[in-house]
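Me: I would like to learn how to read the features of a structure one at a time, with the general idea stated before the particular case. Could you take me through this one?

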Amino acid sequence: MKKVKQSSVPVVKQKMVWTPYLLILPAVLLIAGVMLYPLCKTFYLAFQHYNPAMPFANGFAGFENFIKIFTTEEFYSSLWVSLKWVVALVLLQLVFGMIVALILNQNFKGRGFFRALVFVPWAMSGVLTAVLFSLIYNQNYGVLNDLLMKIGLISEPVAWLGNQHLVLGSVIIAELWRGIPFFAISLLAAMQGLPQDVYEAARVDGATKWQSFRFVTLPLLKDTIVLTTLLRTIWEFNSVDLIFSLTNGGPVGKTTTLSVLIANQALTTNNYGYGSAISVVSFFILAIVAIIYMKVSGFGKGSDS
């Protein structure tokens, strides 16, 4: 058998191009400095006794901070408040955000103005919102008490932020007003990209507006709804500015979420080790919830999954 002569063409090795990596290096370093370093620092402090006011007591704590977390009542009560806070807000924001998005998706005069107006609550900071609602809820000269007394629904001023049975609902309403625009704008943007031929086919088949919404709009918006609710769950779980400014977690811990508990450990008691340990526990709670939620919801698998 005749031997096949091997080609003598030399193999050219591709040269590594470093320019793209050098261009993104500043962004990577910035992300590492802003996100990665604080995360690692939090995990480190979680295993330490660290109080700047008592440096003589600082040192390695092992699992002592975590044992304290799971053996004290404040953690479980704060976790329960966080659960009520997140579930109520995410569900209400989704419902009202969907209603606003459906309205703004219609053709009417001044639609552009009202779309821009929806952004206003979202653009306001939590502290500014807290100042606004503290004036609304004020027991002595608040707008809400004055309005309710004039229409005869209450006979005397109500301490909306001082009553332990009303305070959580009052703070939820304040955060609800600020969070609706996120869902409204996200869902509206998704609705703008929905195929219109599907709706035309539904109308030809005699579907009502409710049936079109239930069997066409909702399935097509599934991934958007899953993603926005997950993001909002994380944000509301970590929300601290509005509650801290309005009630500081009171009265008697009725609005003390895990995030507020962490803030109080840092700003009130200077117990950064214990506060960091609570942050680590919160991190894993959110991670587990996110994984389960994405798995159960079938995110990214289409509406027919």
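Reply: What follows is a walk through the salt bridges, aromatic rings, surface, backbone and record annotations of this model, which is predicted.

Me: Let me begin with the charged side chains: how many salt bridges does the structure hold, and which residues are linked in a network of them?

Reply: A salt bridge is read from the distance between a side-chain nitrogen of Lys or Arg and a carboxyl oxygen of Asp or Glu, which must be within 4 Å. The structure holds five such bridges, and Glu-175, Arg-178, Arg-232, Glu-236 and Asp-241 are joined in a network of them.

Me: How far apart are the closest N and O atoms of Arg-178 and Glu-175, and in which helix do the two residues lie?

Reply: In the bridge between Arg-178 and Glu-175 the closest N and O atoms are 3.1 Å apart, and both residues belong to helix α7, where a separation of three residues amounts to about one turn of the helix. Glu-175 also forms a salt bridge with Arg-232, with closest N and O atoms 3.5 Å apart. That second pair links distant parts of the chain, since Glu-175 is in helix α7 while Arg-232 is in helix α10 (residues 222-237), 57 residues apart. Arg-232 is bridged in turn to Glu-236 at 2.9 Å between the closest N and O atoms, and these two, four residues apart in helix α10, are separated by about one helical turn.

Me: Are the members of these pairs buried or exposed, taking Glu-175, Arg-178, Arg-232 and Glu-236?

Reply: The reading rests on relative accessible area, with buried meaning under 20%. Glu-175 has 2% and is therefore buried, Arg-178 is buried at 12%, Arg-232 counts as buried at 5%, and Glu-236 is buried at 1%.

Me: Turning to aromatic rings, how many aromatic pairs are there, and how are the planes of Phe-283 and Phe-284 set?

Reply: Ring pairs are judged by the distance between centres and the angle between planes, an angle over 60 degrees being edge-to-face. By this rule there are 19 aromatic pairs. The rings of Phe-283 and Phe-284 have centres 5.4 Å apart and planes at 80 degrees, so this pair is edge-to-face. Both are partly exposed, Phe-283 with a relative accessible area of 38% and Phe-284 with 43%. Elsewhere, Trp-122, Phe-182, Phe-183 and Trp-235 form one aromatic cluster, and the charged end of Lys-68 sits over the ring of Tyr-274, 4.3 Å from the ring centre.

Me: Which residues form the nonpolar patch on the surface, and which element gives the most to it?

Reply: A nonpolar patch is read by joining accessible nonpolar side chains that lie within 5 Å of one another. Here the patch has about 880 Å² of accessible area together, and its residues include Leu-92, Val-95, Phe-96, Phe-113 and Val-120. Helices α3 (73-104) and α4 (111-123) are the elements that give two or more residues, and α3 gives the most, with five. Val-95, placed in helix α3, is partly exposed, with a relative accessible area of 47%.

Me: What should I look for in the backbone?

Reply: Most residues other than glycine have a negative phi, and most peptide bonds are trans. The peptide bond from Gly-250 to Pro-251 is cis, with omega near -5 degrees, and Pro-251 is found in the loop between α11 (241-246) and α12 (258-267). Val-252, in the loop between α11 and α12, has a positive phi of about 45 degrees although it is not a glycine, and is exposed at 66% relative accessible area. Asn-270, in the loop between α12 and α13 (272-297), likewise has a positive phi, of about 60 degrees, and is partly exposed at 26%.

Me: Where does UniProt place the feature "transmembrane region"?

Reply: An unreviewed UniProt entry places this feature at residues 21-47, 85-104, 116-137, 176-194 and 272-293. In the model, residues 116-137 are 91% helix and 0% strand, with end C-alpha atoms 27 Å apart, while residues 176-194 are 89% helix and 0% strand, with their end C-alpha atoms also 27 Å apart. UniProt further lists "domain: ABC transmembrane type-1" (unreviewed entry) for residues 79-293, a span that is 74% helix and 0% strand, with end C-alpha atoms 18 Å apart.

Notes: Residues are numbered from 1 along each chain as its sequence is written. This is a predicted model: local features need pLDDT of at least 70, side-chain atom pairs count only at pLDDT 80 or more; totals for chains, interfaces and linings use all residues. Side-chain values use heavy atoms; hydrogens and water are left out. Patches are made of residues with over 30% relative accessible area and no salt bridge: like charges are joined within 9 Å, nonpolar side chains (Val, Leu, Ile, Met, Phe, Trp, Tyr) within 5 Å. Accessible areas come from the Shrake-Rupley method with a 1.4 Å probe; for residues, only the protein chains shown count as cover. Buried means under 20% relative accessible area, exposed over 50%, partly exposed in between (1.4 Å probe, protein chains only). Rings of Phe, Tyr and Trp (its six-membered ring) pair if their centres lie within 6.5 Å; planes under 30 degrees apart count as stacked, over 60 as edge-to-face and the rest as tilted. A charge sits over a ring if NZ of Lys or CZ of Arg is within 6 Å of the ring centre and within 35 degrees of the ring normal. UniProt positions are given in the numbering used here, feature names are shortened, and annotations may be inferred rather than shown by experiment.
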